[in-house]
Amino acid sequence: MDQGTRGELISRLAEAIRSVTVAHPLRVAIDGPPASGKTTLADELAVVLRAQDRDVIRATIDDFLLPRAQRYRRGQYSAEGCYFDAHDHAALCRVLLDPLGPGGDRRFRHAVYDRDADAPTSPPATSAPADAVLLFDGVFLLRPELIDRWDLRVFVSVPFETTVDRARDRSTALAGSTADTAAVERTWRGRYIPSQQLYFATARPTEHADIVVYNDQLQRPSWEVRPHLSIRGI
């Protein structure tokens, strides 16, 4: 276990990415519970890699959601619905992960769904250089359907109670009041946290992660490089 500044963590992740050698774009999963800080971490890492002249593709699981009616068909607070019905994993593999993987043509699309419109979207396909890096953040990325599609697996770990606090604070900051905090807390405790508990029980994501980032102290994170990372050549 190592601990350091935020910058030291990002440098360590960039070093891990540089150490992976594949014959296609490098596909990096940045997994973790909602409000764990995985999107921010991916964005910070993208800045550093681009400064090192690496071509970076940023994408997120939120652009591979299924339609709202399907996501909530088991109910607004269903953990099973959140885990099993929320995301279009087949489309994610078809338009992004497989084209960037072994034998792929590197022609990819970074999204299939517009959340605001609750409608499909089809941005133009883009061609990735062979040495590009995909930084993909989201929940449930190390599940069985996706686990073999990643070349580097990062899990951002935060206590569930901390994610509730962060979600509540974020809602207050966006709304300018505390009016919606009860709704946020109900969603977290009724849907998101139980779905993460289901994920941990069935998929054991931290056991499959190459690097686990303990992100409860944002400016003083800790991280652990798992033994199987060195087996994979890092």
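**Exercise 1. Find how much surface the chain exposes and which atoms supply 49% of it.**

Step 1. The chain exposes about 10,900 Å², an area from the Shrake-Rupley method with a 1.4 Å probe, where for residues only the protein chains shown count as cover.

Step 2. Carbon and sulfur atoms supply 49% of that area.

Step 3. Keep in mind what you are looking at: this is a predicted model, in which local features need pLDDT of at least 70 and side-chain atom pairs count only at pLDDT 80 or more, while totals for chains, interfaces and linings use all residues. Residues are numbered from 1 along each chain as its sequence is written, and side-chain values use heavy atoms, with hydrogens and water left out.

**Exercise 2. Describe the overall build of the chain.**

Step 1. Start with the elements: the chain has 9 helices and 11 strands. Helices (H or I, at least four residues) and strands (E, at least two) are DSSP runs, numbered from the N terminus.

Step 2. Now compare the radius of gyration with the rule. The chain has a value of 18 Å, close to the 17 Å given by the globule rule for 234 residues, so it is as compact as a globular protein of that length. The radius is taken over C-alpha atoms, and the rule is 2.2 Å times the number of residues to the power 0.38.

Step 3. Along its principal axes, the C-alpha trace spans about 50 × 40 × 35 Å.

Step 4. Of the 234 residues, 48% are buried. Buried means under 20% relative accessible area, exposed over 50%, and partly exposed in between (1.4 Å probe, protein chains only).

Step 5. Turn to contacts (heavy atoms within 4.5 Å). Among those with a separation of 6 or more, 72% link residues 24 or more positions apart.

**Exercise 3. Trace the open sheet and name its edge strands.**

Step 1. Follow the 7 strands in the order β1-β11-β10-β9-β2-β8-β3; their pairing is mixed. Two strands pair if DSSP finds at least two bridges between them.

Step 2. The edges are β1 (2-3) and β3, each of which pairs on one side only.

Step 3. Look at β10 (residues 211-214) and β11 (residues 222-225): they run antiparallel and are joined by 4 bridges. Here V212 has E224 of β11 as its bridge partner.

Step 4. Next, β3 and β8 pair in the parallel sense over 5 bridges, and T60 stands opposite D137 in β8.

Step 5. Finally, 4 of the 5 residues of β3 are buried, so this strand is largely enclosed by the rest of the structure.

**Exercise 4. Explain why helix α5 is described as largely enclosed.**

Step 1. Helix α5 covers residues 89-97, and 7 of its 9 residues are buried, so the rest of the structure largely encloses this helix.

Step 2. Pick out the buried residues: H89, A91, L92, C93, V95, L96 and L97.

Step 3. Their cover includes β2 (26-31), β3 (56-60), β4 (107-108) and β8 (133-138).

Step 4. Look just before the helix. D88 is in the loop between α4 (79-84) and α5, and is partly exposed at 24% relative accessibility.

Step 5. Leaving out residues up to four places away in sequence, D88 touches F64, L65 and L66. The C-alpha atoms of D88 and L66 are 5.6 Å apart, although 22 residues separate the two along the chain.

**Exercise 5. Work out the surroundings of A46.**

Step 1. Place A46 in helix α2.

Step 2. Is A46 buried or exposed? A46 is buried, with a relative accessible area of 1%.

Step 3. Apart from neighbours within four places in sequence, A46 is in contact with V56, R58 and L135. A46 and L135 are 89 residues apart along the chain, yet their C-alpha atoms are separated by 7.4 Å.

**Exercise 6. Set the two loop residues A35 and D53 side by side.**

Step 1. A35 lies in the loop between β2 and α2 (38-51), whereas D53 is in the loop between α2 and β3.

Step 2. Check phi. For A35 the value is near 70°, positive in a residue other than glycine; D53, also not a glycine, has a positive phi of about 65°.

Step 3. Check the accessibility. A35 is buried at 12% relative accessible area, while D53 is exposed at 74%.
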